[in-house]
Amino acid sequence: SHCMLAYINTYFAVFTFYTAMAIEFSGLMHVSYFIQKVVGWLAGKPIKSNEPPKSAVQLAFFWFRVLLSAAVLGFSLAVT
């Protein structure tokens, strides 16, 4: 990890890092969690997590981002 600090030593690298963090926070990639849950359900195996259970607010925010991500993906596939 000591050598990894050298990668964020330019303004472009900082811009790229903050852009990636914004995309992650916005939930635009959360449709992959839905796919993960569907595949686990079809396989009949529960998905184990080391995280504590989500509260109702966290769960609602999570599924909102999943639905937003699916809508953006569907729109982008329809447009292209």
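**Group meeting talk: a chain of three helices**

Good morning, everyone; reading from the N terminus on, the elements of this protein chain run α-α-α, where helices (H or I, at least four residues) and strands (E, at least two) are DSSP runs, numbered from the N terminus. That gives three helices and zero strands. The radius of gyration, taken over C-alpha atoms, is 17 Å, well over the 12 Å that the globule rule gives for 80 residues, so the chain is more spread out than a compact globule; the rule itself is 2.2 Å times the number of residues to the power 0.38.

Before going on, please keep in mind that this is a predicted model, in which local features need pLDDT of at least 70 and side-chain atom pairs count only at pLDDT 80 or more, while totals for chains, interfaces and linings use all residues. Residues are numbered from 1 along each chain as its sequence is written, and side-chain values use heavy atoms, with hydrogens and water left out.

Along the principal axes, the C-alpha atoms fill a box of roughly 45 × 40 × 25 Å. How much of the chain is buried? Of its 80 residues, 11% count as buried, meaning under 20% relative accessible area, with exposed meaning over 50% and partly exposed in between (1.4 Å probe, protein chains only).

Let us walk through the helices. Helix α1, residues 11-26, has 16 residues and reaches 22 Å from its first C-alpha to its last, close to the 22 Å expected at 1.5 Å a residue, where the expected span is 1.5 Å times one less than the number of residues. Just after α1 comes Gly-27, which takes a positive phi of about 90°. Helix α2, with 13 residues, reaches 18 Å, close to the 18 Å expected, and Gly-44, which follows α2, has a positive phi near 80°.

In the loop between α2 and α3 we find Lys-45, which counts as exposed at 61% relative accessibility. Its C-alpha is 21 Å from that of Val-66, 21 residues apart in sequence. Val-79, placed in helix α3, is exposed too, with a relative accessible area of 56%, and its C-alpha is separated by 34 Å from that of Ile-47.

Finally, the largest pocket holds about 440 Å³ of space. Of the 13 residues that line this pocket, the closest to its centre are Lys-37, Ser-49, Glu-51, Lys-54 and Phe-62. A pocket here is an open set of points on a 1 Å grid, where a 1.4 Å probe fits, with protein on both sides within 12 Å along at least five of seven lines, and lining residues have an atom within 4 Å of a point; the volume is the space filled by probe spheres set on the points. Which helices contribute to the lining? Both α2 (31-43) and α3 (56-79) supply at least two residues each.
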